[in-house]
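Let's get to know a new structure through a few short exercises. Have a look first, then try each task before reading its solution.

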Amino acid sequence: MSVTEESMALPWPVVTGPGGTTPAELMARVARGDSDAFTQLYDQMAPRVFGLIRRVLRNPAQSEEVTQEVMVEVWRTATRYDADRGSPTSWILTMAHRRAIDRVRSEQSSSDREQAVAAASTTPAYDEVSEAVTTNLEVEQVRHCLSALTELQRESVTLAYYGGYSYREVAELLDAKLATIKARMRDGLIRLRDCLGVTGK
Amino acid sequence: MTTPDVHMLTGPYVLNALPEDERIGFEAHLADCSSCSAEVAELREAATKLGTAVAVPPPPALKARVLAEIATTRQLPPLVRDPEPRPVDELAQRRYSRRSVFGLAAAALAVAGAGGIAVDQYRDNQRTERQNEQLAALLSQPDAKTARGEVAGGGQATVVMSAGQDRAIVLLHGLAKLPDGKTYQLWLQDRSEAMHSAGIAGPDDTKLIQGGITDKIALGITVENTPGVPAPTQAPAALVPMV
């Protein structure tokens with residue numbers, strides 16, 4: 001992927017924009033129809049949205065298409081964003097992940113299953129987390145925290161999140177009971193939460 | 001959903017690893033379980049970090065396309081909070097009884113798109129908003145029940161119903177696409193095993209059925225050659241028990 005002047009000017013990840021504008025402040029302005037604020041929000045969020053979607057879908061053209069859908073949806077539904085229920089980043093990335101998963105599942109149901117499986121079968125080892133950006137502290141922290149999980153926790157979480165598999169498919173791949181996989185997804189995320197020091201608000 | 005491990009589902013839910021019907025069931029539970037909602041919010045922030053960790057700059061041309069599209073896209077009005085369940089649309093009910101010759105087909109409101117639910121703000125989008133509200137209102141009923149079944153040829157049918165409201169919502173997910181001229185038709189089976197049409201449906205569709213629910217025992221789905229036939233001409237591709 002070529003790095004353009006534009007993205008150099010706003011290197012990923014930009015937690016605050018010029019003048020220290022946070023995503024929460026930008027969201028409030030976007031909700032009132034401020035397209036300049038949206039442009040700034042785009043610069044902050046698009047790399048995360050695109051990176052996650054591409055991680056799940058693999059196909060660059062599809063990933064661009066879904067990224068566009070998600071970013072337009074952010075604009076359209078910013079009025080419905082409720083800060084009490086999560087950070088803007090979480091809101092936007094949840095939307096991105098769901099759109100990516102919806103795309104995977106709809107391809108599966110249109111019997112394109114083989115393609116979807118092939119796309120996701122290079123299983124997301126946690127090493128791969130650092131593939132895109134290795135210099136960033138946040139990425140190092142995620143990598144460190146993933147390595148602190150048990151193997152089954154880590155695989156359950158990453159196969160679902162990066163691989164786009166349902167818990168039943170994950171159980172099949174890991175040859176484990178459904179109840180075990182559900183539990184490992186939960187306790188794996190709990191351990192990640194504690195390690196990363198994140199809260200719901 | 002009352003299974004003992006329902007709280008375990010916060011993990012798969014946050015990872016979007018639940019099949020559609022289990023997601024709907026869990027979201028119904030989420031609406032009443034404040035500790036689950038708090039856990040979902042926290043775990044979601046943790047999952048978000050996994051997403052952030054794989055960030056890659058998108059192609060620059062994408063930005064211009066997005067900005068051009070938002071310039072011509074109207075934003076949704078904000079939600080005005082209204083905790084009261086919406087009253088049953090009396091006009092629609094009256095219309096239903098007047099046109100009883102069409103049976104339930106007249107009362108089945110076509111709602112486009114796949115199912116979702118409004119208890120989760122992340123699911124909002126144009127296609128699903130309306131049925132989300134309807135589904136949320138239905139699921140919030142104390143007597144709400146959910147039943148599901150497999151459809152021959154692939155896919156699932158989920159029925160969410162409330163006898164008190166005399167309403168049901170049918171969610172079809174992943175049914176086989178049909179050749180031109182053929183269509184899925186929904187039926188409600190009564191105790192004498194007679195089938196009453198509840199309208200036609202697409203392979204991924206959500207249908208609201210208003211009225212005529214309480215005395216029915218099953219939802220049937222057939223593949224018909226003529227849309228809207230008065231009685232099934234084919235064996236059901238699915239028969240989901242509602243009692």
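The exercises below go through a predicted model, from one chain to its cores, a contact surface and a sheet.

**Exercise 1. Describe how chain A is built from helices and strands, and how much of chain A is buried.**

Solution.
- Start with the count: chain A contains 9 helices and 0 strands.
- Next, follow the sequence. The pattern reads α-α-α-α-α-α-α-α-α.
- Then turn to burial: 45% of the 201 residues of chain A count as buried.
- Finally, consider contacts in chain A with a separation of 6 or more. Of these, 59% are between residues 24 or more positions apart.

**Exercise 2. Find the residues that touch the most other members of the largest nonpolar core.**

Solution.
- This core has 69 residues, and the ones to pick out are Val49(A), Ile53(A), Ala96(A), Ala100(A) and Ala160(A).
- Now ask which element contributes the largest share. That is helix H3 of chain A (residues 35-57), with 12 residues.
- Zoom in on Val49(A), leaving aside its neighbours within four places in sequence: its contacts are Thr67(A), Val70(A), Met71(A), Ile92(A), Leu93(A) and Ala96(A).
- A second core, separate from this one, has 35 residues, including Leu138(B) and Ala218(B).
- As background, nonpolar side chains tend to be buried together in soluble globular proteins.

**Exercise 3. Work out which parts of chain B touch chain A.**

Solution.
- Begin with the totals: 72 residues of chain A are in contact with 52 residues of chain B.
- Look for the helices of chain B that each supply at least two residues to this side: they are H1 (10-14), H3 (34-52) and H4 (60-71).
- Among the contributors, H3(B) gives the most, namely 13 residues.
- Sort this side of chain B by residue type, and you get 31 nonpolar, 12 polar and 9 charged residues.

**Exercise 4. Trace the open sheet of 4 strands in chain B.**

Solution.
- Put the strands in order: E6-E5-E8-E9, with antiparallel pairing.
- Identify the edges. Strand E6 (195-201) and strand E9 (238-241) of chain B each pair on one side only.
- Check the twist: on average, neighbouring strands of this sheet are turned by 20 degrees against each other, direction ignored.
- Look closely at one pair. Strand E8 of chain B (residues 216-224) runs antiparallel to E9(B), and 4 bridges join them.
- To finish, locate a single bridge partner: Gly220(B) is matched with Leu239(B) in E9(B).

Definitions and conventions
Residues numbered from 1 in each chain as written. Chains lettered and ligands numbered in written order. Predicted model: local features only at pLDDT ≥ 70, side-chain atom pairs only at ≥ 80, totals over all residues. Contact = placed C-beta atoms within 7 Å. Nonpolar A, V, L, I, M, F, W, Y, C, P; charged D, E, K, R; others polar. Pairing = 2+ DSSP bridges. Axes fitted to C-alpha atoms, helices over the stretch in contact; angles between N-to-C directions. Core = buried A, V, L, I, M, F, W, Y, C linked by C-beta atoms within 7 Å. Buried ≥ 20, exposed ≤ 12 C-beta atoms within 10 Å, placed from the backbone.
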